[in-house]
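Got your viewer open and a hand on the mouse? Let's take a walk through this one, stop by stop.

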Number of protein chains: 2
Amino acid sequence: MTDRIFTAGLIVIGDEILSGRTHDRNIAQVASWLQVQGIRLGEVRVVPDVTARIADAVNALRAQNDYLFTTGGIGPTHDDITVDAVAEALGVPVEVHPEARAILERHYADKGGLSEARLRMARTPQGAELIANRMSGAPGIRIGNIFMMAGVPHIAAGMLDALTGTIEGGAPLVSETLGGFIPESEVAVLLRETERAHAHCQIGSYPFFKDGRVGSNFVIRSTSVEALAQCAKALGDGLDRAGFAWVPGGIAPR
Amino acid sequence: MTDRIFTAGLIVIGDEILSGRTHDRNIAQVASWLQVQGIRLGEVRVVPDVTARIADAVNALRAQNDYLFTTGGIGPTHDDITVDAVAEALGVPVEVHPEARAILERHYADKGGLSEARLRMARTPQGAELIANRMSGAPGIRIGNIFMMAGVPHIAAGMLDALTGTIEGGAPLVSETLGGFIPESEVAVLLRETERAHAHCQIGSYPFFKDGRVGSNFVIRSTSVEALAQCAKALGDGLDRAGFAWVPGGIAPR
(Lines give C-alpha, C1' and ligand atoms only; values in the text may rest on other atoms or scores of the structure.)
Protein backbone atom coordinates (compact mmCIF):
# COMPACT_ATOMS: atom_id res chain seq x y z
CA MET A 1 0.00 0.00 0.00
CA THR A 2 1.39 3.39 -1.00
CA ASP A 3 0.32 7.04 -0.87
CA ARG A 4 0.02 7.11 -4.63
CA ILE A 5 -3.48 7.35 -6.05
CA PHE A 6 -4.39 4.64 -8.56
CA THR A 7 -7.18 5.21 -11.05
CA ALA A 8 -9.06 3.04 -13.51
CA GLY A 9 -11.20 3.77 -16.56
CA LEU A 10 -14.21 1.68 -17.52
CA ILE A 11 -15.65 1.19 -21.00
CA VAL A 12 -19.15 -0.26 -21.17
CA ILE A 13 -19.64 -1.69 -24.65
CA GLY A 14 -23.00 -2.27 -26.17
CA ASP A 15 -25.81 -0.85 -28.24
CA GLU A 16 -28.27 -2.38 -25.77
CA ILE A 17 -27.24 0.13 -23.08
CA LEU A 18 -27.30 3.11 -25.48
CA SER A 19 -30.75 2.12 -26.74
CA GLY A 20 -32.14 2.07 -23.21
CA ARG A 21 -33.17 -1.57 -23.63
CA THR A 22 -30.81 -2.85 -20.93
CA HIS A 23 -30.13 -1.00 -17.69
CA ASP A 24 -26.42 -1.10 -16.99
CA ARG A 25 -25.46 -2.76 -13.74
CA ASN A 26 -21.72 -3.03 -14.35
CA ILE A 27 -20.76 0.60 -13.64
CA ALA A 28 -21.88 0.37 -10.02
CA GLN A 29 -20.37 -3.06 -9.40
CA VAL A 30 -17.02 -2.22 -10.97
CA ALA A 31 -16.96 1.09 -9.05
CA SER A 32 -17.65 -0.61 -5.71
CA TRP A 33 -15.12 -3.35 -6.37
CA LEU A 34 -12.42 -0.82 -7.31
CA GLN A 35 -13.00 1.11 -4.06
CA VAL A 36 -12.12 -2.02 -2.10
CA GLN A 37 -8.93 -2.48 -4.16
CA GLY A 38 -7.83 1.08 -3.34
CA ILE A 39 -8.41 2.19 -6.93
CA ARG A 40 -10.61 5.10 -7.99
CA LEU A 41 -12.88 4.91 -10.97
CA GLY A 42 -11.76 7.98 -12.92
CA GLU A 43 -14.15 7.90 -15.87
CA VAL A 44 -16.70 5.68 -17.58
CA ARG A 45 -17.58 5.69 -21.26
CA VAL A 46 -20.50 3.83 -22.79
CA VAL A 47 -19.79 3.29 -26.49
CA PRO A 48 -21.62 1.54 -29.33
CA ASP A 49 -20.67 -1.75 -31.00
CA VAL A 50 -18.35 -0.04 -33.50
CA THR A 51 -14.72 -1.17 -33.57
CA ALA A 52 -13.18 2.27 -34.17
CA ARG A 53 -15.28 3.89 -31.43
CA ILE A 54 -14.26 1.25 -28.90
CA ALA A 55 -10.60 1.50 -29.94
CA ASP A 56 -10.64 5.30 -29.54
CA ALA A 57 -12.11 5.01 -26.06
CA VAL A 58 -9.54 2.33 -25.15
CA ASN A 59 -6.65 4.56 -26.16
CA ALA A 60 -8.09 7.64 -24.42
CA LEU A 61 -8.82 5.94 -21.10
CA ARG A 62 -5.72 3.74 -20.90
CA ALA A 63 -3.56 6.84 -21.34
CA GLN A 64 -5.36 8.64 -18.48
CA ASN A 65 -5.51 5.80 -15.97
CA ASP A 66 -3.42 3.08 -14.35
CA TYR A 67 -5.94 0.42 -15.37
CA LEU A 68 -8.68 0.00 -17.91
CA PHE A 69 -11.66 -2.32 -17.60
CA THR A 70 -14.19 -3.16 -20.29
CA THR A 71 -17.52 -4.95 -20.01
CA GLY A 72 -19.41 -6.50 -22.90
CA GLY A 73 -18.73 -7.70 -26.41
CA ILE A 74 -16.67 -10.84 -25.72
CA GLY A 75 -19.30 -13.42 -26.68
CA PRO A 76 -19.62 -15.63 -29.78
CA THR A 77 -21.74 -13.47 -32.10
CA HIS A 78 -20.95 -11.01 -34.87
CA ASP A 79 -21.62 -8.00 -32.62
CA ASP A 80 -18.92 -9.14 -30.14
CA ILE A 81 -15.95 -7.07 -31.28
CA THR A 82 -14.19 -5.98 -28.09
CA VAL A 83 -11.16 -8.22 -28.69
CA ASP A 84 -10.72 -6.83 -32.20
CA ALA A 85 -11.08 -3.25 -30.96
CA VAL A 86 -8.55 -3.64 -28.15
CA ALA A 87 -6.09 -5.37 -30.52
CA GLU A 88 -6.54 -2.48 -32.96
CA ALA A 89 -5.96 0.05 -30.19
CA LEU A 90 -2.77 -1.72 -29.10
CA GLY A 91 -1.58 -2.41 -32.66
CA VAL A 92 -1.26 -6.16 -32.10
CA PRO A 93 -2.84 -9.04 -34.04
CA VAL A 94 -5.69 -11.21 -32.79
CA GLU A 95 -4.93 -14.90 -32.29
CA VAL A 96 -6.57 -17.98 -30.85
CA HIS A 97 -5.33 -18.38 -27.27
CA PRO A 98 -4.44 -22.08 -26.74
CA GLU A 99 -5.51 -22.13 -23.07
CA ALA A 100 -8.82 -20.41 -23.87
CA ARG A 101 -9.40 -22.93 -26.64
CA ALA A 102 -8.75 -25.80 -24.23
CA ILE A 103 -11.17 -24.30 -21.66
CA LEU A 104 -13.89 -23.95 -24.30
CA GLU A 105 -13.28 -27.48 -25.62
CA ARG A 106 -13.79 -28.87 -22.13
CA HIS A 107 -16.83 -26.64 -21.49
CA TYR A 108 -18.57 -27.58 -24.75
CA ALA A 109 -17.49 -31.25 -24.80
CA ASP A 110 -20.98 -32.41 -23.75
CA LYS A 111 -22.78 -29.51 -25.47
CA GLY A 112 -22.05 -30.25 -29.14
CA GLY A 113 -18.36 -29.32 -29.21
CA LEU A 114 -16.48 -26.26 -30.44
CA SER A 115 -18.17 -24.57 -33.41
CA GLU A 116 -16.67 -21.69 -35.38
CA ALA A 117 -18.82 -19.28 -33.35
CA ARG A 118 -17.76 -20.73 -30.00
CA LEU A 119 -14.12 -20.68 -31.05
CA ARG A 120 -14.57 -16.92 -31.46
CA MET A 121 -14.52 -16.71 -27.67
CA ALA A 122 -10.96 -18.09 -27.62
CA ARG A 123 -9.65 -15.15 -29.65
CA THR A 124 -7.47 -12.66 -27.75
CA PRO A 125 -5.08 -9.86 -28.63
CA GLN A 126 -1.59 -11.37 -28.99
CA GLY A 127 0.19 -11.55 -25.62
CA ALA A 128 -2.94 -11.76 -23.49
CA GLU A 129 -3.58 -13.75 -20.31
CA LEU A 130 -6.93 -15.15 -19.25
CA ILE A 131 -9.25 -14.12 -16.40
CA ALA A 132 -11.05 -17.07 -14.83
CA ASN A 133 -14.77 -17.33 -15.52
CA ARG A 134 -16.37 -19.21 -12.64
CA MET A 135 -19.89 -18.86 -13.98
CA SER A 136 -19.80 -20.04 -17.59
CA GLY A 137 -17.35 -21.14 -20.28
CA ALA A 138 -15.58 -18.24 -21.91
CA PRO A 139 -12.80 -16.57 -19.91
CA GLY A 140 -12.15 -12.85 -19.53
CA ILE A 141 -8.96 -11.44 -21.02
CA ARG A 142 -6.12 -9.40 -19.57
CA ILE A 143 -3.51 -7.72 -21.69
CA GLY A 144 -1.15 -5.42 -19.83
CA ASN A 145 -3.31 -3.10 -17.78
CA ILE A 146 -6.48 -3.78 -19.78
CA PHE A 147 -9.07 -6.17 -18.36
CA MET A 148 -11.85 -7.37 -20.66
CA MET A 149 -14.87 -8.79 -18.89
CA ALA A 150 -18.26 -10.16 -19.82
CA GLY A 151 -21.28 -7.88 -20.13
CA VAL A 152 -23.67 -10.16 -18.25
CA PRO A 153 -23.43 -8.72 -14.72
CA HIS A 154 -23.13 -11.93 -12.70
CA ILE A 155 -20.39 -13.25 -15.01
CA ALA A 156 -18.53 -9.92 -14.74
CA ALA A 157 -18.91 -10.17 -10.95
CA GLY A 158 -17.24 -13.59 -10.98
CA MET A 159 -14.35 -12.20 -13.05
CA LEU A 160 -13.91 -9.27 -10.65
CA ASP A 161 -13.86 -11.77 -7.82
CA ALA A 162 -11.10 -13.73 -9.61
CA LEU A 163 -9.08 -10.49 -9.90
CA THR A 164 -9.48 -9.48 -6.25
CA GLY A 165 -6.14 -8.77 -4.63
CA THR A 166 -4.16 -9.26 -7.85
CA ILE A 167 -3.94 -5.59 -8.86
CA GLU A 168 -1.88 -2.98 -7.04
CA GLY A 169 -3.91 -0.22 -5.41
CA GLY A 170 -3.26 2.64 -3.01
CA ALA A 171 -4.87 3.48 0.28
CA PRO A 172 -8.57 2.79 -0.14
CA LEU A 173 -10.89 5.76 -0.06
CA VAL A 174 -12.88 5.69 3.17
CA SER A 175 -16.15 7.54 3.62
CA GLU A 176 -18.57 8.62 6.30
CA THR A 177 -22.14 9.75 5.69
CA LEU A 178 -24.28 12.14 7.72
CA GLY A 179 -27.87 12.55 6.63
CA GLY A 180 -31.10 14.16 7.64
CA PHE A 181 -34.24 15.88 6.44
CA ILE A 182 -32.14 18.94 5.71
CA PRO A 183 -32.55 21.00 2.50
CA GLU A 184 -29.04 21.12 1.07
CA SER A 185 -29.46 24.77 0.09
CA GLU A 186 -29.68 25.68 3.79
CA VAL A 187 -26.29 24.19 4.63
CA ALA A 188 -24.36 24.92 1.42
CA VAL A 189 -22.07 27.43 3.13
CA LEU A 190 -21.39 25.06 6.04
CA LEU A 191 -20.49 22.25 3.60
CA ARG A 192 -18.16 24.43 1.56
CA GLU A 193 -16.36 25.87 4.58
CA THR A 194 -16.05 22.50 6.30
CA GLU A 195 -14.49 21.01 3.16
CA ARG A 196 -12.11 23.94 2.87
CA ALA A 197 -11.01 23.53 6.51
CA HIS A 198 -10.17 19.84 5.99
CA ALA A 199 -7.58 19.58 3.25
CA HIS A 200 -7.63 15.81 2.68
CA CYS A 201 -11.39 15.44 2.58
CA GLN A 202 -14.08 15.91 -0.05
CA ILE A 203 -17.73 16.43 0.84
CA GLY A 204 -20.47 15.45 -1.58
CA SER A 205 -24.07 16.52 -1.05
CA TYR A 206 -26.85 14.24 -2.33
CA PRO A 207 -30.41 15.49 -2.03
CA PHE A 208 -33.38 13.15 -1.87
CA PHE A 209 -37.15 13.21 -1.49
CA LYS A 210 -38.74 10.75 0.90
CA ASP A 211 -42.23 10.55 2.34
CA GLY A 212 -42.97 13.96 0.85
CA ARG A 213 -39.99 15.61 2.57
CA VAL A 214 -36.73 17.03 1.28
CA GLY A 215 -33.48 15.71 2.71
CA SER A 216 -29.79 15.29 1.99
CA ASN A 217 -26.97 12.86 2.64
CA PHE A 218 -23.53 14.39 3.06
CA VAL A 219 -20.75 11.98 2.11
CA ILE A 220 -17.22 12.78 3.28
CA ARG A 221 -14.44 10.92 1.47
CA SER A 222 -10.75 10.70 2.31
CA THR A 223 -7.84 8.30 2.12
CA SER A 224 -6.99 9.27 5.73
CA VAL A 225 -9.08 7.71 8.48
CA GLU A 226 -7.98 10.45 10.91
CA ALA A 227 -8.79 13.33 8.54
CA LEU A 228 -12.15 11.70 7.81
CA ALA A 229 -13.06 11.46 11.51
CA GLN A 230 -12.09 15.09 12.15
CA CYS A 231 -14.07 16.34 9.18
CA ALA A 232 -17.14 14.29 10.10
CA LYS A 233 -16.96 15.64 13.67
CA ALA A 234 -16.72 19.23 12.38
CA LEU A 235 -19.67 18.77 10.01
CA GLY A 236 -21.80 17.12 12.70
CA ASP A 237 -21.02 19.94 15.14
CA GLY A 238 -21.87 22.50 12.46
CA LEU A 239 -25.23 20.85 11.75
CA ASP A 240 -25.93 20.74 15.51
CA ARG A 241 -25.12 24.46 15.86
CA ALA A 242 -27.45 25.25 12.94
CA GLY A 243 -30.23 23.31 14.67
CA PHE A 244 -30.53 20.45 12.15
CA ALA A 245 -31.25 16.89 13.26
CA TRP A 246 -29.05 14.31 11.53
CA VAL A 247 -28.13 10.66 11.78
CA PRO A 248 -24.78 8.94 11.21
CA GLY A 249 -24.80 6.65 8.18
CA GLY A 250 -27.30 8.81 6.34
CA ILE A 251 -30.88 8.12 5.33
CA ALA A 252 -31.82 5.59 2.64
CA PRO A 253 -33.46 7.67 -0.11
CA ARG A 254 -36.24 5.14 -0.71
CA MET B 1 -39.08 13.90 -39.98
CA THR B 2 -36.09 13.40 -42.26
CA ASP B 3 -33.79 10.58 -43.32
CA ARG B 4 -30.90 12.16 -41.51
CA ILE B 5 -29.69 10.40 -38.36
CA PHE B 6 -29.58 12.59 -35.26
CA THR B 7 -27.34 11.67 -32.34
CA ALA B 8 -26.92 12.90 -28.79
CA GLY B 9 -24.15 12.58 -26.22
CA LEU B 10 -24.81 12.28 -22.50
CA ILE B 11 -22.51 13.32 -19.66
CA VAL B 12 -23.37 11.96 -16.22
CA ILE B 13 -21.67 14.17 -13.65
CA GLY B 14 -20.93 13.04 -10.18
CA ASP B 15 -18.45 11.41 -7.84
CA GLU B 16 -21.35 9.48 -6.31
CA ILE B 17 -21.73 7.39 -9.48
CA LEU B 18 -17.98 6.80 -9.86
CA SER B 19 -17.69 5.74 -6.21
CA GLY B 20 -20.41 3.14 -6.67
CA ARG B 21 -22.47 4.75 -3.91
CA THR B 22 -25.33 5.71 -6.24
CA HIS B 23 -26.57 3.49 -9.07
CA ASP B 24 -27.13 5.64 -12.13
CA ARG B 25 -30.66 5.63 -13.44
CA ASN B 26 -30.35 8.52 -15.89
CA ILE B 27 -28.50 6.71 -18.69
CA ALA B 28 -31.41 4.33 -19.31
CA GLN B 29 -34.11 6.98 -19.01
CA VAL B 30 -32.34 9.47 -21.29
CA ALA B 31 -31.63 6.66 -23.79
CA SER B 32 -35.27 5.55 -23.88
CA TRP B 33 -36.55 9.12 -24.16
CA LEU B 34 -34.16 9.88 -27.03
CA GLN B 35 -35.37 6.80 -28.96
CA VAL B 36 -38.89 8.21 -28.94
CA GLN B 37 -37.60 11.57 -30.22
CA GLY B 38 -35.89 9.84 -33.16
CA ILE B 39 -32.44 10.58 -31.72
CA ARG B 40 -29.75 7.98 -31.03
CA LEU B 41 -27.64 8.07 -27.92
CA GLY B 42 -24.15 7.99 -29.43
CA GLU B 43 -21.98 7.93 -26.30
CA VAL B 44 -22.17 8.38 -22.54
CA ARG B 45 -19.37 9.60 -20.30
CA VAL B 46 -19.47 9.51 -16.51
CA VAL B 47 -17.02 12.10 -15.19
CA PRO B 48 -16.03 13.32 -11.71
CA ASP B 49 -16.92 16.66 -10.10
CA VAL B 50 -13.88 18.40 -11.61
CA THR B 51 -14.54 21.47 -13.78
CA ALA B 52 -11.83 20.79 -16.36
CA ARG B 53 -12.86 17.15 -16.76
CA ILE B 54 -16.49 18.09 -17.32
CA ALA B 55 -15.50 20.85 -19.77
CA ASP B 56 -13.31 18.44 -21.76
CA ALA B 57 -16.15 15.93 -22.02
CA VAL B 58 -18.58 18.69 -23.05
CA ASN B 59 -16.32 19.80 -25.88
CA ALA B 60 -15.63 16.25 -27.07
CA LEU B 61 -19.26 15.10 -27.11
CA ARG B 62 -20.83 18.29 -28.46
CA ALA B 63 -18.47 18.14 -31.44
CA GLN B 64 -19.45 14.53 -32.19
CA ASN B 65 -23.22 14.83 -31.77
CA ASP B 66 -26.21 16.96 -32.71
CA TYR B 67 -27.20 17.36 -29.07
CA LEU B 68 -25.57 17.05 -25.68
CA PHE B 69 -27.35 16.28 -22.42
CA THR B 70 -25.89 16.45 -18.94
CA THR B 71 -27.30 15.15 -15.67
CA GLY B 72 -26.16 16.24 -12.22
CA GLY B 73 -24.26 19.11 -10.65
CA ILE B 74 -26.84 21.92 -10.98
CA GLY B 75 -27.82 22.15 -7.30
CA PRO B 76 -26.94 24.75 -4.64
CA THR B 77 -23.79 23.25 -3.10
CA HIS B 78 -20.06 23.74 -3.71
CA ASP B 79 -19.81 20.45 -5.64
CA ASP B 80 -22.40 21.64 -8.18
CA ILE B 81 -20.16 22.94 -10.95
CA THR B 82 -21.84 21.88 -14.19
CA VAL B 83 -22.82 25.46 -15.14
CA ASP B 84 -19.26 26.67 -14.62
CA ALA B 85 -17.85 23.77 -16.63
CA VAL B 86 -20.22 24.26 -19.57
CA ALA B 87 -19.53 28.02 -19.56
CA GLU B 88 -15.79 27.28 -19.58
CA ALA B 89 -16.23 24.82 -22.47
CA LEU B 90 -18.19 27.40 -24.47
CA GLY B 91 -15.95 30.32 -23.51
CA VAL B 92 -18.82 32.41 -22.15
CA PRO B 93 -19.25 34.01 -18.72
CA VAL B 94 -21.65 32.79 -16.02
CA GLU B 95 -24.43 35.16 -15.03
CA VAL B 96 -27.56 35.16 -12.89
CA HIS B 97 -30.51 34.44 -15.17
CA PRO B 98 -33.34 36.90 -14.29
CA GLU B 99 -36.14 34.41 -15.03
CA ALA B 100 -34.44 31.65 -13.02
CA ARG B 101 -34.00 34.09 -10.14
CA ALA B 102 -37.70 34.98 -10.28
CA ILE B 103 -38.67 31.27 -10.29
CA LEU B 104 -36.49 30.59 -7.26
CA GLU B 105 -37.79 33.69 -5.42
CA ARG B 106 -41.35 32.43 -5.85
CA HIS B 107 -40.40 28.86 -4.94
CA TYR B 108 -38.59 29.84 -1.75
CA ALA B 109 -40.94 32.71 -0.75
CA ASP B 110 -42.51 30.60 2.01
CA LYS B 111 -39.33 28.59 2.71
CA GLY B 112 -37.03 31.29 4.10
CA GLY B 113 -36.33 33.19 0.88
CA LEU B 114 -33.38 33.25 -1.52
CA SER B 115 -30.03 32.65 0.21
CA GLU B 116 -26.65 32.94 -1.47
CA ALA B 117 -26.62 29.14 -1.91
CA ARG B 118 -30.09 29.03 -3.45
CA LEU B 119 -29.24 31.90 -5.78
CA ARG B 120 -26.47 29.65 -7.10
CA MET B 121 -29.20 27.67 -8.86
CA ALA B 122 -30.11 30.78 -10.91
CA ARG B 123 -26.64 30.92 -12.46
CA THR B 124 -26.41 29.98 -16.15
CA PRO B 125 -23.89 30.35 -18.96
CA GLN B 126 -24.59 33.67 -20.71
CA GLY B 127 -27.23 33.31 -23.41
CA ALA B 128 -29.01 30.31 -21.87
CA GLU B 129 -32.72 29.49 -21.79
CA LEU B 130 -34.47 27.58 -19.01
CA ILE B 131 -35.96 24.07 -18.99
CA ALA B 132 -39.10 23.81 -16.88
CA ASN B 133 -38.77 21.87 -13.63
CA ARG B 134 -42.20 20.52 -12.73
CA MET B 135 -41.01 18.67 -9.65
CA SER B 136 -39.04 21.18 -7.59
CA GLY B 137 -37.72 24.73 -7.74
CA ALA B 138 -34.55 25.03 -9.79
CA PRO B 139 -34.95 24.89 -13.59
CA GLY B 140 -32.78 23.00 -16.06
CA ILE B 141 -30.72 24.98 -18.52
CA ARG B 142 -30.44 24.95 -22.30
CA ILE B 143 -27.72 26.74 -24.19
CA GLY B 144 -27.60 26.05 -27.91
CA ASN B 145 -27.65 22.28 -28.30
CA ILE B 146 -26.61 21.58 -24.70
CA PHE B 147 -29.27 20.57 -22.17
CA MET B 148 -28.34 20.58 -18.47
CA MET B 149 -30.64 18.56 -16.27
CA ALA B 150 -30.86 17.59 -12.62
CA GLY B 151 -29.15 14.45 -11.33
CA VAL B 152 -32.09 13.27 -9.22
CA PRO B 153 -33.81 10.87 -11.64
CA HIS B 154 -37.45 11.92 -11.17
CA ILE B 155 -36.53 15.60 -11.58
CA ALA B 156 -34.55 14.76 -14.73
CA ALA B 157 -37.59 12.80 -15.97
CA GLY B 158 -39.77 15.88 -15.54
CA MET B 159 -37.28 17.99 -17.50
CA LEU B 160 -37.18 15.41 -20.33
CA ASP B 161 -40.96 15.50 -20.36
CA ALA B 162 -40.86 19.29 -20.71
CA LEU B 163 -38.50 18.91 -23.69
CA THR B 164 -40.61 16.27 -25.47
CA GLY B 165 -41.33 17.25 -29.05
CA THR B 166 -39.21 20.42 -28.90
CA ILE B 167 -36.05 18.92 -30.44
CA GLU B 168 -35.68 17.88 -34.06
CA GLY B 169 -35.12 14.18 -34.59
CA GLY B 170 -35.09 11.77 -37.51
CA ALA B 171 -37.06 8.64 -38.11
CA PRO B 172 -37.24 6.82 -34.80
CA LEU B 173 -35.39 3.54 -34.54
CA VAL B 174 -37.90 0.70 -34.38
CA SER B 175 -37.06 -2.72 -33.04
CA GLU B 176 -38.40 -6.23 -32.87
CA THR B 177 -37.23 -8.93 -30.50
CA LEU B 178 -37.22 -12.72 -30.93
CA GLY B 179 -36.15 -14.77 -27.95
CA GLY B 180 -35.91 -18.31 -26.74
CA PHE B 181 -33.90 -20.75 -24.68
CA ILE B 182 -31.32 -20.78 -27.46
CA PRO B 183 -27.55 -20.67 -26.79
CA GLU B 184 -26.34 -17.73 -28.89
CA SER B 185 -23.23 -19.63 -29.95
CA GLU B 186 -25.44 -22.13 -31.83
CA VAL B 187 -27.03 -19.44 -34.01
CA ALA B 188 -24.11 -17.03 -34.45
CA VAL B 189 -23.76 -17.82 -38.16
CA LEU B 190 -27.50 -17.42 -38.77
CA LEU B 191 -27.49 -14.03 -37.00
CA ARG B 192 -24.52 -12.74 -38.96
CA GLU B 193 -25.85 -13.89 -42.33
CA THR B 194 -29.35 -12.58 -41.65
CA GLU B 195 -27.93 -9.19 -40.73
CA ARG B 196 -25.78 -9.17 -43.87
CA ALA B 197 -28.79 -9.98 -46.04
CA HIS B 198 -30.82 -7.05 -44.64
CA ALA B 199 -28.88 -3.87 -45.29
CA HIS B 200 -30.90 -1.46 -43.15
CA CYS B 201 -31.10 -3.66 -40.06
CA GLN B 202 -28.81 -4.39 -37.13
CA ILE B 203 -29.15 -7.51 -35.01
CA GLY B 204 -27.98 -7.56 -31.41
CA SER B 205 -27.72 -10.80 -29.45
CA TYR B 206 -28.26 -10.69 -25.67
CA PRO B 207 -27.68 -13.89 -23.73
CA PHE B 208 -29.36 -14.55 -20.39
CA PHE B 209 -29.64 -17.26 -17.75
CA LYS B 210 -33.06 -18.04 -16.37
CA ASP B 211 -34.33 -20.91 -14.25
CA GLY B 212 -30.99 -22.64 -14.75
CA ARG B 213 -31.18 -22.48 -18.55
CA VAL B 214 -29.26 -20.52 -21.15
CA GLY B 215 -31.18 -18.33 -23.57
CA SER B 216 -30.86 -15.31 -25.84
CA ASN B 217 -32.92 -12.41 -27.05
CA PHE B 218 -32.22 -11.24 -30.59
CA VAL B 219 -33.05 -7.57 -31.10
CA ILE B 220 -33.40 -6.29 -34.65
CA ARG B 221 -33.21 -2.51 -35.05
CA SER B 222 -33.96 -0.37 -38.09
CA THR B 223 -35.37 3.02 -39.03
CA SER B 224 -37.46 1.26 -41.71
CA VAL B 225 -40.59 -0.55 -40.55
CA GLU B 226 -40.64 -2.60 -43.78
CA ALA B 227 -36.97 -3.64 -43.56
CA LEU B 228 -37.52 -4.56 -39.91
CA ALA B 229 -40.48 -6.80 -40.68
CA GLN B 230 -38.59 -8.58 -43.49
CA CYS B 231 -35.52 -9.16 -41.35
CA ALA B 232 -37.58 -10.43 -38.40
CA LYS B 233 -39.41 -12.83 -40.73
CA ALA B 234 -36.10 -14.11 -42.13
CA LEU B 235 -34.62 -14.63 -38.66
CA GLY B 236 -37.76 -16.37 -37.40
CA ASP B 237 -37.76 -18.68 -40.43
CA GLY B 238 -34.06 -19.40 -39.89
CA LEU B 239 -34.63 -20.32 -36.24
CA ASP B 240 -37.54 -22.54 -37.27
CA ARG B 241 -35.38 -24.31 -39.87
CA ALA B 242 -32.68 -24.89 -37.26
CA GLY B 243 -35.29 -26.40 -34.95
CA PHE B 244 -35.22 -23.75 -32.23
CA ALA B 245 -38.37 -22.70 -30.40
CA TRP B 246 -38.72 -18.94 -30.04
CA VAL B 247 -41.29 -16.35 -29.03
CA PRO B 248 -41.95 -12.90 -30.49
CA GLY B 249 -41.15 -10.11 -28.02
CA GLY B 250 -38.36 -12.09 -26.41
CA ILE B 251 -38.08 -13.54 -22.93
CA ALA B 252 -37.69 -11.37 -19.82
CA PRO B 253 -34.26 -12.28 -18.43
CA ARG B 254 -35.52 -12.39 -14.82
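Begin where two chains meet strand to strand. Select residues 39–47 in chain B, which is strand β2 there, together with β2(A): the two pair in the antiparallel sense over three bridges. For a landmark on that seam, click Val44(A), whose bridge partner in β2(B) is Val46(B). Keep in mind throughout that this is a predicted model.

**Stop 1: the interface**

Now widen the selection to everything that touches across the two chains. You should pick up 44 residues of chain A in contact with 45 residues of chain B. Which elements of chain A each supply at least two residues to this side? Colour these: α1 (15–18), α2 (26–37), β2 (39–47), α6 (116–119), α8 (188–197) and β10 (202–210). The strand you started on, β2(A), gives the most, with seven residues. Colour by class instead, and the side of chain A that touches chain B shows 19 nonpolar, 14 polar and eleven charged residues.

**Stop 2: the symmetry axis**

Next, superpose chain A on chain B. A turn of 180 degrees with a shift of 0.0 Å along the axis lays one on the other with an RMSD of 0.0 Å. Why does that combination deserve a label? Because a turn and shift like that are the relation of a two-fold axis. To find the axis on screen, go to Arg45(A): its C-alpha is the nearest to the axis in chain A, 2.2 Å from it. The same surface serves both copies, and 100% of the contact residues of chain A recur in chain B.

**Stop 3: chain A as a whole**

Hide chain B for a moment and zoom out. The C-alpha trace of chain A spans about 70 × 40 × 35 Å along its principal axes. In cartoon view, look for nine helices and twelve strands. Colour 6–163 as domain 1 and 174–248 as domain 2; their C-alpha centres lie 38 Å apart. If you shade by burial, 49% of the 254 residues in chain A come out buried. Take the contacts in chain A with a separation of 6 or more: 68% of them are between residues 24 or more positions apart.

**Stop 4: a strand covered on both faces**

Stay with chain A and select 146–149, which is strand β8. Are its faces covered or open? Both are covered: Ile146(A) and Met148(A) are buried on one side, and Phe147(A) and Met149(A) are buried on the other.

Now bring in the strands that pair with β8(A). Strand β3 of chain A (residues 67–71) pairs with it in the parallel sense over four bridges. Strand β7 of chain A (residues 140–143) runs antiparallel to it, joined by three bridges. Click Phe147(A) and you can trace both pairings: it is the bridge partner of Phe69(A) and also of Arg142(A). Then follow the chain around the hairpin of β7(A) and β8(A), where two residues sit between the strands and Gly144(A) takes a positive phi near 60 degrees.

**Stop 5: the sheet in chain B**

Bring chain B back and hide chain A. Here four strands form an open sheet in the order β10-β11-β9-β12, with antiparallel pairing. Which strands stand at the edges? They are β10 and β12 (247–248) of chain B; each has a single partner strand, so one side of each is left without a neighbour in the sheet. To look at the β12(B) end, select strand β9 of chain B (residues 174–180), which pairs with β12(B) in the antiparallel sense over two bridges. Gly179(B) stands opposite Val247(B) there. Then add helix α8 of chain B (residues 188–197): it lies across β10 and β11 of chain B, running at about 155 degrees to β10(B).

**Last stop: an aspartate with positive phi**

Finish in the loop between β10 (202–210) and β11 (213–222) of chain B, where you'll find Asp211(B). Its phi is near 50 degrees, a positive value in a residue other than glycine. Is Asp211(B) buried or exposed? It counts as exposed, because just 7 C-beta neighbours fall inside 10 Å, and the cut-off for exposed is 12 or fewer. Hop over to chain A for the counterpart: Asp211(A) is found in the loop between β10 and β11 of chain A, with phi near 50 degrees. Asp211(A) is exposed too, with 7 other C-beta atoms within 10 Å.

How values were computed:
Residues numbered from 1 in each chain as written. Chains lettered and ligands numbered in written order. Predicted model: local features only at pLDDT ≥ 70, side-chain atom pairs only at ≥ 80, totals over all residues. Domains from an automatic or database assignment. Contact = placed C-beta atoms within 7 Å. Nonpolar A, V, L, I, M, F, W, Y, C, P; charged D, E, K, R; others polar. Pairing = 2+ DSSP bridges. Buried ≥ 20, exposed ≤ 12 C-beta atoms within 10 Å, placed from the backbone. Least-squares fit on C-alpha atoms with pLDDT ≥ 70 in both. Axes fitted to C-alpha atoms, helices over the stretch in contact; angles between N-to-C directions.
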